[in-house]
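User: Please take me through the terms used for a protein model. I should like to see each term set against its definition.

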Amino acid sequence: MFVCSCFGVTEAQVKKHAEAGACTPRQIASACKAGTDCGSCVRRIQALLGRGACPSREPAGRTVPALAETALAEVAPLEEAA
Ligand code: FES
């Protein structure tokens, strides 16, 4: 089944790119151009990625604390210097 009719990209192709590491519609576009013409397929691509097509995607709850820790580590030296 076609996801992107402008470039003839199928659902299977999007899943294959996702398995290879493309986890955002922009990365899918870089891999196969899907979504870069009329854009009407971007929501379908987002839906596919949101349904676990990308195995390397971290659960949302795991990435937020990691970012918060990084931000704190960057701020702490500035507070010590002041
Ligand atoms: S259907 Fe994908 S860019 Fe038009």
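Analyst: In helix H1, the residues Val14, His17 and Ala18 are buried, a term for residues with 20 or more other C-beta atoms within 10 Å of their own (12 or fewer is exposed, anything in between is partly exposed, and C-beta atoms are placed from the backbone). The structure is a predicted model, in which local features need pLDDT of at least 70 and side-chain atom pairs count only at pLDDT 80 or more, while totals for chains, interfaces and linings use all residues. Residue numbers start from 1 along each chain as its sequence is written.

User: How do you know where the buried residues of H1 lie around its axis?

Analyst: Viewed down the axis, the buried residues of H1 fall within an arc of 100°, so they line one face of the helix; the arc is taken over the directions from the helix axis to the C-beta atoms. Ala12 and Glu19, on the other side of H1, are exposed.

User: What makes the relation of H1 and H2 parallel or perpendicular?

Analyst: The axes of H1 (residues 11-19) and H2 (residues 25-32) come within 10 Å and cross at roughly 105°. The axes are lines fitted to C-alpha atoms, for helices over the stretch in contact, with angles from 0 to 180 degrees between N-to-C directions. An angle under 35 degrees counts as roughly parallel, over 145 as roughly antiparallel, 65 to 115 as roughly perpendicular and the rest as oblique. H1 and H2 are therefore roughly perpendicular to each other.

User: Which residues make this contact?

Analyst: H1 contributes Gln13, Val14 and His17, and H2 contributes Ile28, Ala31 and Cys32; two residues are in contact if their C-beta atoms, placed from the backbone, lie within 7 Å. The residues of this contact divide into four nonpolar, two polar and no charged. Here Ala, Val, Leu, Ile, Met, Phe, Trp, Tyr, Cys and Pro count as nonpolar, Asp, Glu, Lys and Arg as charged, and the others, Gly among them, as polar.

User: Which residues are buried in H2, and how do you know on which side they lie?

Analyst: Pro25, Ile28 and Ala29 are buried in H2. These residues cover an arc of only 100° around the axis, which puts them on the same side of H2.

User: Why is Lys33 called buried, exposed or partly exposed?

Analyst: Lys33 has 14 other C-beta atoms within 10 Å, so the residue is partly exposed. Lys33 lies in the loop between H2 and helix H3 (42-53).

User: What makes the phi of Lys33 worth a remark?

Analyst: Phi of Lys33 is near 75°, a positive value in a residue other than glycine. Most residues other than glycine have a negative phi. H1 is followed by Gly21, whose phi is also positive, near 120°.

User: How is Val42 classed, and what is it in contact with?

Analyst: Val42 is found in H3. With 18 other C-beta atoms within 10 Å, Val42 is partly exposed. Leaving aside neighbours within four places in sequence, Val42 is in contact with Pro25 and Gly35.

User: Which elements have the lowest and the highest mean pLDDT?

Analyst: Helix H4 (residues 60-81) has the lowest mean pLDDT (49), and strand E2 (residues 9-10) the highest (98); pLDDT is the predictor's confidence in each residue, from 0 to 100. Over residues 60-72 the pLDDT is below 50. Where pLDDT is low, the predicted coordinates should not be read in detail.

Conventions:
Helices (H or I, at least four residues) and strands (E, at least two) are DSSP runs, numbered from the N terminus.
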